[in-house]
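Hi everyone, thanks for coming. I'd like to walk you through a structure that is new to most of us, so let's bring it up on the screen.

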Amino acid sequence: MQLIAEDLVIERGGRIVIDGLSFSVSEGETLVLSGANGAGKTTLLRTIAGFIRPASGTVRLDGGDGELTITEQAHVVGHANAIKSSMTVFENAVFWAEYLGGQAASTERIERALHHFGLEDLVEFPAAYLSAGQRRRLGLARLLLAPRTLWLLDEPTVSLDIASSDRLVAAVNDHTREGGIAIVATHVPLALERARTLTIASQRMAA
Ligand SMILES: Nc1ncnc2c1ncn2[C@@H]1O[C@H](COP(=O)(O)OP(=O)(O)OP(=O)(O)O)[C@@H](O)[C@H]1O
């Protein structure tokens with residue numbers, strides 16, 4: 001399996017942000033996106049996820065499930081954690097497991113995902129009262145609630161303490177070890193295994 005981007009040109013607000021980018025990521029690999037603020041890392045991730053249509057060029061997942069779109073085969077964890085404040089931590093996990101997995105997940109799977117991100121003592125806690133780091137951990141637990149091939153992570157360690165950051169890195173390394181693909185935009189170095197870095201160059205603003 002391979003994610004292949006060819007000759008991508010992406011515009012935001014009438015300006016070219018990504019200009020003719022090609023790359024590929026094979027199963028078992030992590031691609032780390034680096035680059036200055038505003039270079040286009042979020043834009044690229046959202047384009048891969050299918051949320052932004054490129055001006056030209058293509059993104060495809062060779063060897064994936066031909067019946068499904070890339071969006072349907074990807075976990076996208078970005079700046080918004082998409083947490084329902086009116087629900088408890090556990091209820092959020094149940095909701096996301098079903099929404100992302102297309103069927104009810106086992107209680108064991110939900111508990112394992114919450115435990116991995118250190119949320120086991122907060123299962124009955126209203127999500128509205130979570131701290132920023134706890135909210136981020138709940139957002140990341142989605143990765144383990146339903147199996148998906150492609151993980152697209154935008155600054156996933158923001159707000160995380162060191163132990164939680166290590167747990168995230170372990171989850172990504174497990175995912176790629178099992179043949180998954182991860183693309184991670186980050187400003188901080190992470191101990192990601194089987195990783196390559198793609199630096200996104202900033203496009204100059206027109207005068
Ligand atoms: N909806 C939008 N409309 C217009 N311009 C946008 C929009 N979204 C992003 N941009 C612009 O696109 C460029 C790339 O933004 P993007 O968020 O992808 O950068 P980034 O590399 O993720 O930055 P950072 O490291 O700060 O998170 C920036 O110049 C930004 O202002």
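**A first walk through the model**

Let me start with a single residue, Gly40, which sits in the loop between strand β3, residues 30-34, and helix α1. Is Gly40 buried or exposed? Gly40 counts as buried, because 24 other C-beta atoms lie within 10 Å, and the cut-off for that label is 20 or more. Apart from its neighbours within four places in sequence, Gly40 is in contact with Ile10, Val17, Ile18, Gly35 and Ile200. Gly63, on the other hand, is 23 residues away in sequence, and its C-alpha is 27 Å from that of Gly40.

Before going on, a word on what we are looking at. This is a predicted model. The average pLDDT of the protein chain is 94, and 98% of the residues score at least 70. The model also comes with an ipTM of 0.97 and a pTM of 0.95. As a reminder for the remaining residues, where pLDDT is low, the predicted coordinates should not be read in detail.

Now back to Gly40, which is also one of the residues around the ligand. Which others are there? Going along the chain, they are Arg12, Gly13, Val17, Gly35, Asn37, Gly38, Ala39, Lys41, Thr42 and Thr43. Helix α1, residues 41-48, gives the most to this shell, with 3 residues. By type, the shell has 7 polar residues, 2 charged and 2 nonpolar.

Let's zoom out to the whole chain. How many helices and strands does the protein chain have? There are 5 helices and 8 strands. If you follow along from the N terminus, the order is β-β-β-α-β-β-α-α-α-β-α-β-β. The C-alpha trace spans about 50 × 40 × 30 Å along its principal axes. For 207 residues, a compact globule would have a radius of gyration near 17 Å, and the chain has 17 Å, so the two agree. Of those 207 residues, 35% count as buried. Here is another number I like: taking contacts between residues at least 6 apart in sequence, 71% join residues at least 24 apart.

On to the inside. The largest nonpolar core has 49 residues, and those touching the most other members are Ala93, Leu114, Ala141, Leu145, Leu152, Ile183 and Val184. Helix α4 gives the most to this core, with 6 residues. Let's pick Leu145 from that list. Which residues is Leu145 in contact with, leaving aside its neighbours within four places in sequence? They are Ala93, Trp96, Ala97, Leu100, Gly101, Ala105, Arg109, Ile110 and Ala113.

Val184, from the same list of core residues, takes us to Pro156, because Val184 is one of the contacts of Pro156, along with Val77, Leu140 and Leu168. Pro156 is in the loop between β6 and α5. With 25 C-beta neighbours inside 10 Å, Pro156 counts as buried. Its C-alpha is 12 Å from that of Ala182, 26 residues away along the chain.

That loop, running between β6 (150-154) and α5 (162-177), also holds Ser159. Ser159 has a positive phi of about 75° although it is not a glycine. Since 17 other C-beta atoms lie within 10 Å, Ser159 is partly exposed. A positive phi also turns up at Arg194, near 50°, again in a residue other than glycine. You will find Arg194 in the loop between β7 (181-185) and β8 (195-199). Arg194 is partly exposed, with 13 other C-beta atoms within 10 Å.

Next, Ser164, in helix α5. Ser164 is partly exposed, with 19 C-beta atoms of other residues within 10 Å. Its contacts beyond four places in sequence are Phe117, Gly118, Gly133 and Arg137. Phe117 is 47 residues away in sequence, yet the two C-alpha atoms are 6.6 Å apart.

Let me finish with Tyr129, in the loop between α3 (107-116) and α4 (132-145). Why does Tyr129 count as exposed? Because there are 12 other C-beta atoms within 10 Å, and 12 or fewer is the cut-off for exposed. Gly101, 28 residues away along the chain, has its C-alpha 26 Å from that of Tyr129.

Thanks for listening, and please rotate the model and look around.

Terms used:
Residues are numbered from 1 along each chain as its sequence is written. This is a predicted model: local features need pLDDT of at least 70, side-chain atom pairs count only at pLDDT 80 or more; totals for chains, interfaces and linings use all residues. A residue is near a molecule or strand if its C-beta atom, placed from the backbone, lies within 6 Å of it. Helices (H or I, at least four residues) and strands (E, at least two) are DSSP runs, numbered from the N terminus. Ala, Val, Leu, Ile, Met, Phe, Trp, Tyr, Cys and Pro count as nonpolar, Asp, Glu, Lys and Arg as charged, and the others, Gly among them, as polar. The radius of gyration is taken over C-alpha atoms; the globule rule is 2.2 Å times the number of residues to the power 0.38. Two residues are in contact if their C-beta atoms, placed from the backbone, lie within 7 Å. pLDDT is the predictor's confidence in each residue, from 0 to 100. A nonpolar core is a set of buried Ala, Val, Leu, Ile, Met, Phe, Trp, Tyr and Cys residues joined through C-beta atoms within 7 Å.
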